[in-house]
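Biologist: Can you put the model up so we can go through it together? I have some short questions about empty space and aromatic rings.

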Amino acid sequence: MTSPETYAVRTSEEPAAGPDIASAPARRPRADWRKRGEITLLAGPGIIVFVFFVILPVLMAAFYGFFRWKGFGFPDDFVGFENYVLILQDATFREAVFHNFFIVVASLILQGPLAILFALLMNQKMRGRTLIRVLIFVPYVISEVVVGTGWSLMMQDTGAVNSMLAKLGLEWMQQSWLSDPSVAMGTLMLIISWKYIGFAVILMLAGLQSIPSELYEAAAIDGAGFWQTQWRITLPLLGPTIRIWAFLSMIGSLQLFDLVNIIWGQYIAATAGTSTMATYMYQNGHLAGNYGFGNAVAVLLFLISLVIALIYQRFVLRRDTAGAVTGPSGRKTT
């Protein structure tokens, strides 16, 4: 009689009888083609739209940027890199680039901490929390035309802001909020922060609600205070949300056009010190009738945004996206 030990040894050494898996016909190629077909069917329409509405316009702008073109007919006055040389030599363009980067930094410094504080406040149980959320988010969904028109009327020399200061006995605080270069950029940052902070608050709230409450309970048991808990738990776990918001804020600041053009008009932005690369492109391309020059400015704006996006992706967002994309075998793809 065979002992249980002997039977266990034999069964571990001798494979059980059955079909030979190695000799079975391979079905992997057919499955791969089916998977590729599904990906093509689902992603194809999006890829076509992206190519025709993003890639193709960029290539056309790069093509027209090499010509002196008035916007009609096929361009035939080839000037090479002359448009780009003129742009880079123009002090007004360099000033506009400086304004864009100032807006990028100021938006991050002003909106980021305020959005986190508002999100922490509205994440607490309190009366009127829903109403406060709506009031903070409403400016973001209002049209830029409405926001720009309203603020431009209030900030006029005889507008509501200066009138209110006069009635409060604060005449010394009255300013030419839109035309004085020393305060115009501050006015712009106030309007931008009021308009877009609601978007940042909503993102921060979504990030806060994804943090497990057990962590806060454990911190409270360990005797951690409110601010210590926020510093040690909330901010580290809110990091991915903050980095995504910062990326969106930077790209939006580099492409800022509508508010500046509506509030300061077509020609006042440069003299008031609030011009941006987009307003420079509009003024010197569309309004001047020199569409080849305007396309060259658009290409430079695209390249600056692309370089900043790639650098940010490489050094900041990489820690959030590492391991998020895997291949068929579960291994990370590069």
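What follows is a chat about the cavity, the pocket and the ring pairs of this predicted model.

Biologist: How many cavities of 30 Å³ or more are there?

Modeller: The count comes to one cavity of that size. About 80 Å³ of space lies in the largest cavity.

Biologist: Which elements give two or more residues to its lining?

Modeller: Helix H12 (268–272) and helix H13 (277–287) do. H13 gives the most, with four residues. The lining residues include Thr92, Asn261, Thr279 and Tyr280.

Biologist: How does that lining divide into nonpolar, polar and charged?

Modeller: The lining of the largest cavity has four nonpolar residues, eight polar ones and no charged ones.

Biologist: Back to H13. Which of its residues are buried?

Modeller: In H13, Met277, Ala278, Thr279, Tyr280 and Gly285 are buried. Gly289 follows H13 and has a positive phi, near 75 degrees.

Biologist: Now the pocket. How much space lies in the largest one?

Modeller: About 280 Å³. It is lined by 14 residues, and Tyr196, Leu248, Ser249, Gly252 and Ser253 are the closest to its centre.

Biologist: Which helix gives the most to that lining?

Modeller: H10 does, with five residues. Helix H4 (91–122), helix H8 (181–209) and helix H10 (226–254) each supply at least two. By class, the pocket lining has eight nonpolar, six polar and no charged residues.

Biologist: Change of topic. How many aromatic pairs are there?

Modeller: There are 19 aromatic pairs. In one of them, the ring centres of Phe66 and Phe81 are 5.2 Å apart and the planes are at 90 degrees, so the pair is edge-to-face.

Biologist: Where do Phe66 and Phe81 lie?

Modeller: Both lie in the loop between helix H2 (28–64) and helix H3 (82–89), so the pair ties together parts 15 residues apart in sequence.

Biologist: Is Phe81 buried or exposed?

Modeller: Phe81 is exposed, with a relative accessible area of 56%. Phe66 is partly exposed, at 23%.

Biologist: And what about the pair of Phe66 and Tyr84?

Modeller: Their ring centres are 5.9 Å apart and their planes are at 55 degrees, so that pair is tilted. Tyr84 lies in helix H3, and the pair ties together parts 18 residues apart in sequence. Tyr84 is buried, with a relative accessible area of 11%.

Biologist: Which residues do ring pairs link into a cluster?

Modeller: Among them are Phe66, Phe81, Tyr84, Trp69 and Tyr291.

Biologist: Last one. Where does the charged end of Arg36 sit?

Modeller: It sits over the ring of Trp33, 5.4 Å from the ring centre. The charged end of Arg314 sits over the ring of Phe315, 5.3 Å from its centre.

How values were computed
Residues are numbered from 1 along each chain as its sequence is written. This is a predicted model: local features need pLDDT of at least 70, side-chain atom pairs count only at pLDDT 80 or more; totals for chains, interfaces and linings use all residues. Side-chain values use heavy atoms; hydrogens and water are left out. On a 1 Å grid over the protein atoms alone, a cavity is a set of points where a 1.4 Å probe fits but cannot get out, and a pocket is an open set with protein on both sides within 12 Å along at least five of seven lines; lining residues have an atom within 4 Å of a point. Grid points are joined across faces, edges and corners, and a volume is the space filled by probe spheres set on the points. Ala, Val, Leu, Ile, Met, Phe, Trp, Tyr, Cys and Pro count as nonpolar, Asp, Glu, Lys and Arg as charged, and the others, Gly among them, as polar. Buried means under 20% relative accessible area, exposed over 50%, partly exposed in between (1.4 Å probe, protein chains only). Rings of Phe, Tyr and Trp (its six-membered ring) pair if their centres lie within 6.5 Å; planes under 30 degrees apart count as stacked, over 60 as edge-to-face and the rest as tilted. A charge sits over a ring if NZ of Lys or CZ of Arg is within 6 Å of the ring centre and within 35 degrees of the ring normal.
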